[in-house]
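Please examine the charged side chains of the structure shown below. This report considers how they pair and how far they are shielded from the surface.

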Amino acid sequence: MPAKPVLDERPRIADPLGARALIEAVLEALGALSHLVGEETELIRAGRLPEAMTREPRKTELAGIYMRGVEQVKLNAVALARFVPGEVKRLKEAHHAFQGLIETNQIVLATARAVSESVVRDLAADANRPMRANGYGPTATVGAGVFARPNSGPLMVSRRL
């Protein structure tokens, strides 16, 4: 869903039509951003990290459009409250819902990061564990002795969570 960029950086709202247009533009940007963040969250949950990362440029673009719109809303808060108080309330509710979506996204990202760190840590511990069998004494080894490769076991890494 493409969002319309907000054109003027500092518009002055002078009538209900302009107020409604500004709110609608910000809501449209927020809707597109919410949709994209929701997709990203689901892809990360599914372990499809490379696919989730492809959404980053568009997410950055939409976040910029939304933030510029929020700045315009702040600059025109008095006029918006006077001309379209119901639309302002709708925008606040949408923003609060978006904050919940962002919190969920952050939790999923933190979980994926913790899981990947755990996998890497366990893999490093397994790769560094000596693979030599001890003989009869504390320093005895079996096989090629000091020339045995300590980390010669098979190694396999999955790219999916």
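The following paragraphs treat the salt bridges of this model, which is predicted.

**Overall count**

Side chains of opposite charge can pair when their charged atoms come close. With a cut-off of 4 Å between a side-chain nitrogen of Lys or Arg and a carboxyl oxygen of Asp or Glu, the model contains 10 salt bridges. Three of them are set out here, including their N to O distances.

| Pair | N to O distance |
|---|---|
| Glu40 and Lys59 | 3.0 Å |
| Lys74 and Glu71 | 3.7 Å |
| Glu87 and Arg90 | 2.8 Å |

**A pair between two helices**

The salt bridge of Glu40 with Lys59 has an N to O distance of 3.0 Å. Glu40 belongs to helix H1 (residues 16-45) and Lys59 to helix H3 (residues 56-75), so this pair ties together parts that are 19 residues apart in sequence. Glu40 has a relative accessibility of 4% and counts as buried. Lys59 is likewise buried, at 17%, because the limit for that class is under 20% relative accessible area.

The surroundings of Lys59 can be described further. Apart from neighbours within four places in sequence, Lys59 is in contact with Leu33, Leu36, Val37 and Glu40. Glu40 is thus listed among the contacts of Lys59 and is also its salt-bridge partner.

**Pairs within one helix**

Helix H3 also holds the salt bridge between Lys74 and Glu71; these two residues are 3 residues apart, about one turn of the helix. Here the side chains meet at 3.7 Å, N to O. Lys74 is exposed, with a relative accessible area of 56%, whereas Glu71 is partly exposed at 40%.

Helix H5 (residues 85-128) contains Glu87 and Arg90, again 3 residues apart, or about one turn of the helix. Their side chains form a salt bridge at 2.8 Å, N to O. Glu87 counts as buried at 15% relative accessibility, while Arg90, at 36%, counts as partly exposed.

**A network**

Which residues are linked with Glu87 and Arg90 in a network of salt bridges? Arg20 and Glu24 are joined with them in that network.

**Summary**

Both partners of the pair between helices H1 and H3 are buried, Glu40 at 4% and Lys59 at 17%. In helix H3, Lys74 is exposed and Glu71 partly exposed. In the pair of helix H5, Glu87 is buried and Arg90 partly exposed.

Conventions:
Residues numbered from 1 in each chain as written. Predicted model: local features only at pLDDT ≥ 70, side-chain atom pairs only at ≥ 80, totals over all residues. Heavy atoms only, no water. Helix = DSSP H or I, 4+ residues; strand = E, 2+ residues; numbered from the N terminus. Buried < 20%, exposed > 50% of the residue type's maximum accessible area, 1.4 Å probe, protein only. Contact = heavy atoms within 4.5 Å.
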